[in-house]
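Colleague: Please take a close look at the nonpolar core of this model, and set it in the context of the chain and the ligand site.

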Amino acid sequence: MSVYRNAIWFLNGVHHYTRKGYEAASKDFELRELDVSVVGRSFMVTGANSGIGRATAMAIAKKGGTVHMVCRNKDKAEEARVDIVKESGNTEVYVHVVDMSETRKVWEFAEAFKREYIFLNVLINNAGCMEHKREVNAEGLEKNFATNTMGVYILTQTLIPLLQKSRDPRVITVSSGGMLVQKLRVDDLQSERGYFDGLMVYAQNKRQQVVLTQQWAKANPVIHFSVMHPGWADTLAVSTSMPQFHQMMGERLRSVEQGADTVVWLALSRAAARTLSGQFFQDRKPVPAHLPLAWTHSSTEEIQTFMTQLETLARAVQSRSDPELNVP
Ligand SMILES: NC(=O)c1ccc[n+]([C@@H]2O[C@H](COP(=O)([O-])OP(=O)(O)OC[C@H]3O[C@@H](n4cnc5c(N)ncnc54)[C@H](OP(=O)(O)O)[C@@H]3O)[C@@H](O)[C@H]2O)c1
């Protein structure tokens, strides 16, 4: 059954997630929707030195926005920043060195950012990873989960008060269509049981991002939340984490700009802000977060258990308080 379901998902992907899928979908795009200036608005993009994140940061800089690039590698980040400033002519581009897999560091960064800056209009949770070997971070959290779920959770939760104070606040999370074959699992968040399949752990994390977005939207009506699938784009993550897939898809993969298009639209356009908060997007349209006839829906209890576990983990990290940080 799961082989049959995955095959249907893949065929659907070949149709919609590829370059051709983008070209077909983009015929319906309203080009004027991105004819905006965002001078004076502030955007944080995680993983902004490469691929979809870099293309997003570049597009925002070209529209005049202030960009906070959150990257783990200082040299790669600086190199990307220089390129973005040069090509966009916008000098309001800043680098913050943070490894999103280091839960406590993410929290410390978010707290410090909140103290230093008086507003943040848009947070773009883009950084993501697919590790095929099970490893844990300093807090004992499995690294895919730490980066894709816990990093996103703790950064967003900590910045919500700042976003709430800002005009037209938005949070966009870059998920993946791969999450469609996953139901939220709440009994093994650290993937400690059974065979460790990095691809499925990644897809589970991407489902968790969709659930998180729906919950945040309900809890924070002032902020516009969205989560999206970029399609299959030719990036380092794909060529290194899924080399066979990368080789098989070749020229059919989207460019990074095509992959970033919906992120940019969700971040910049007025049309995006008019959509219902909490939805899953593909090519500038809200799409179902479940396949037809799928059993991937979760009960209210399962979602509550998941949210409680995340909050408990976050509090455990925060409770080991650092006197120098001076946070409660
Ligand atoms: N490309 C696709 O077809 C596709 C499809 C579905 C979803 N996505 C999602 O798109 C997002 C962007 O990926 P991409 O395809 O653009 O790949 P990419 O070019 O490899 O970019 C990934 C970015 O995330 C950063 N990153 C990874 N782990 C990090 C960490 N622990 N701390 C801080 N930054 C970290 C990377 O930094 P380094 O340069 O230092 O490694 C890089 O900047 C990811 O969330 C991915 O899951 C991509």
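Modeller: What follows starts with the core and then moves outward to the chain, the ligand shell and a set of paired strands.

This is a predicted model, in which local features need pLDDT of at least 70 and side-chain atom pairs count only at pLDDT 80 or more, while totals for chains, interfaces and linings use all residues. Residues are numbered from 1 along each chain as its sequence is written.

The largest nonpolar core has 78 residues. A nonpolar core here is a set of buried Ala, Val, Leu, Ile, Met, Phe, Trp, Tyr and Cys residues joined through C-beta atoms within 7 Å. Buried means that 20 or more other C-beta atoms lie within 10 Å of a residue's own, with C-beta atoms placed from the backbone; 12 or fewer is exposed, and in between is partly exposed. The members that touch the most others are Val45, Ala57, Met69, Ile124, Val263 and Ala267. Helix H6 (residues 143-164) gives the most to this core, at 11 residues. Helices are DSSP runs of H or I with at least four residues, strands are runs of E with at least two, and both are numbered from the N terminus. In soluble globular proteins, nonpolar side chains tend to be buried together.

Beyond its neighbours within four places in sequence, Ala267 is in contact with Phe43, Ile60, Val122, Ile124, Arg170 and Ile172. Contact means C-beta atoms, placed from the backbone, within 7 Å. Of the contacts in the protein chain between residues at least 6 apart in sequence, 76% join residues at least 24 apart. Buried residues account for 44% of the 328 in the chain, which holds 12 helices and eight strands.

The ligand is surrounded by 28 residues, the closest being Gly47, Gly51, Gly128, Thr235 and Ala237; a residue is near a molecule if its C-beta atom, placed from the backbone, lies within 6 Å of it. Helix H3 (51-62) and helix H8 (236-241) each supply at least two residues of this shell. By class, the shell has 12 nonpolar, 13 polar and three charged residues. Nonpolar covers Ala, Val, Leu, Ile, Met, Phe, Trp, Tyr, Cys and Pro, charged covers Asp, Glu, Lys and Arg, and the others, Gly among them, are polar.

As for the strands, E6 (residues 224-229) runs parallel to E7 (residues 279-282), joined by four bridges; pairing requires at least two bridges found by DSSP. Ser226 has Gln279 in E7 as its bridge partner. E7 also pairs with E8 (residues 285-286) in the antiparallel sense, over two bridges.

Key:
Contact = placed C-beta atoms within 7 Å.
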